[in-house]
Amino acid sequence: MHHTKMAPQCGVEVSGVSLADCNDSELLEIKQTIYEHGVAVFRDQDFSPEDHIKFGRRWGGIDVNNYFPLQEDFNEIAVVKKEADQSTNIGGAWHTDHSYDQIPAMGSVLVARDLPPKGGDTMWAHMGAAYDALSDDLKAEIEGLEAYHTADHVYEEGGLYAQTDMGEHLRGQNLKTGAVHPVVIRHPQTGRKLLYVNSGFTINFVGQTREESLPLLTKLLDAALTDDNQCRLQWAPGTVAIWDNRTSWHNAMNDYAGHRREMHRITLSGEALAA
């Protein structure tokens, strides 16, 4: 396998491997690459829905998303789509998937199925690099701090997405979520310190109200997005991206008005997080 960096601190493109039939040692190398770099991109893949599911199971487990529509014939695959006449896209802001769960999903395997002629890129940011770039004073301020995460304000009936033109396609609007995680975690595999807050689902610090939390939370969110720890993927037919939710944030760009975009996503099971 050959690795090409997408940005100084985030993301790699990997060539010389077929995800559908990689061997055990190649899968181990792929895992380690994603744990370290946050996201890995694989081009020109022949990756059927059956291959997608088989790969997710080989990784170690699949978490079926509670909110997105599911692929009709393969219910472990979530469909992330925007029709040509819709204006709202799924994931159009910086966030970390499933941080609202007690045991957050490890990451995702996202496959391009129907792409607009241009636009619809996805961006990632590396949360190890984000933590490293914080000032010593800010690192001291967040040492030992915990934060509360929930998705209810986004997905519930009357929530942010329910009020948009894609709300009718969502599932799970009656679910309740909520989890507390350390603001700084250690990656379960690499041991690296990572900043673990995000603008989509982090509501407040434990022991503080939302209003009391916002000044520090905003400071952390702003500090996380330095130029060299962000990468951007231009999708093409046959492209697969696999990312680590602990190591990275991501953001789906919504710049393809009048065109359809459909991606298929499998969510990979994770493990409890610790400071």
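User: Let's start with overall dimensions: what radius of gyration does the chain have, and what would a compact globule of 275 residues have?

Analyst: Happy to begin there, keeping in mind that this is a predicted model. With 275 residues, a compact globule would come out near 19 Å, and the chain agrees with that expectation. Its C-alpha atoms fill a box of roughly 50 × 45 × 30 Å along the principal axes. The radius of gyration of the chain itself is 18 Å.

User: What share of the residues is buried?

Analyst: The surface is a good place to begin: the chain exposes about 11900 Å², and carbon and sulfur atoms supply 47% of that area. Counting a residue as buried when its relative accessible area is under 20%, the share among the 275 residues is 53%.

User: How many helices and strands does the chain have, and what percentage of its contacts with a separation of 6 or more joins residues 24 or more positions apart?

Analyst: The secondary structure consists of six helices and 17 strands. For the contacts, take those with a separation of 6 or more and ask which join residues 24 or more positions apart. That portion is 82%.

User: I'm looking at the open sheet of three strands. What is its strand order?

Analyst: Nice choice. The edge strands are β10 (179-182) and β13 (202-205), each of which pairs on one side only. Neighbouring strands of the sheet are turned by 35° against each other on average, direction ignored. With antiparallel pairing, the order is β10-β9-β13.

User: How many bridges join β9 to β10, and how many join β9 to β13?

Analyst: Strand β9 covers residues 146-149 and runs antiparallel to β13; β9 and β10 run antiparallel as well. The count for β9 and β10 is four bridges, and for β9 and β13 it is three.

User: Which residues stand opposite histidine 149 in β13 and in β10?

Analyst: Let's follow the partners across the sheet. Alanine 147 of β9 has phenylalanine 205 as its bridge partner in β13. Histidine 149 faces threonine 202 in β13, and its bridge partner in β10 is alanine 179.

User: Along β9, which side chains point to the buried face?

Analyst: The side chains alternate along this strand. Glu146 and Tyr148 point to one face and are not buried. The buried side chains on the other face are Ala147 and His149.

User: Turning to the aromatics, what kind of pair do tyrosine 35 and tryptophan 59 form?

Analyst: The structure holds six aromatic pairs, and this is one of them. The ring centres of tyrosine 35 and tryptophan 59 lie 6.3 Å apart, with the planes at 90°. The pair links distant parts of the chain, 24 residues apart: tyrosine 35 sits in helix α1 (residues 24-37) and tryptophan 59 in helix α2 (residues 49-59). Since planes over 60 degrees apart count as edge-to-face, the 90° angle makes this pair edge-to-face.

User: And how is the pair of phenylalanine 55 and tryptophan 59 classed?

Analyst: Both residues lie in helix α2, four residues apart, about one turn of the helix. Their ring centres are 6.1 Å apart and the planes meet at 55°. Stacked needs under 30 degrees and edge-to-face over 60, so at 55° the pair is tilted.

User: Which residues make up the aromatic cluster that includes Trp59?

Analyst: Several of its members are buried, including tyrosine 35. Phenylalanine 55 has a relative accessible area of 2%, and tryptophan 59 has 7%. The cluster consists of Tyr35, Phe47, Phe55 and Trp59.

User: Aspartate 44 and histidine 98 both have positive phi. Which of them is buried and which is exposed?

Analyst: Phi is near 55° for aspartate 44 and near 65° for histidine 98. Aspartate 44 is in the loop between β3 (39-42) and α2, while histidine 98 is in the loop between β6 (74-82) and β7 (107-114). With a relative accessible area of 71%, the exposed residue is aspartate 44; with 4%, the buried residue is histidine 98.

User: One last spot: how far apart are the C-alpha atoms of glycine 258 and leucine 217?

Analyst: Glycine 258 is found in the loop between β16 (248-252) and β17 (261-268). Glycine 258 is partly exposed, with a relative accessible area of 48%. Along the chain, glycine 258 and leucine 217 are 41 residues apart. Their C-alpha atoms are separated by 35 Å.

Key. Residues are numbered from 1 along each chain as its sequence is written. This is a predicted model: local features need pLDDT of at least 70, side-chain atom pairs count only at pLDDT 80 or more; totals for chains, interfaces and linings use all residues. Side-chain values use heavy atoms; hydrogens and water are left out. Two strands pair if DSSP finds at least two bridges between them. Helices (H or I, at least four residues) and strands (E, at least two) are DSSP runs, numbered from the N terminus. Axes are lines fitted to C-alpha atoms, for helices over the stretch in contact, and angles run from 0 to 180 degrees between N-to-C directions. Buried means under 20% relative accessible area, exposed over 50%, partly exposed in between (1.4 Å probe, protein chains only). The radius of gyration is taken over C-alpha atoms; the globule rule is 2.2 Å times the number of residues to the power 0.38. Contact means heavy atoms within 4.5 Å. Accessible areas come from the Shrake-Rupley method with a 1.4 Å probe; for residues, only the protein chains shown count as cover. Rings of Phe, Tyr and Trp (its six-membered ring) pair if their centres lie within 6.5 Å; planes under 30 degrees apart count as stacked, over 60 as edge-to-face and the rest as tilted.
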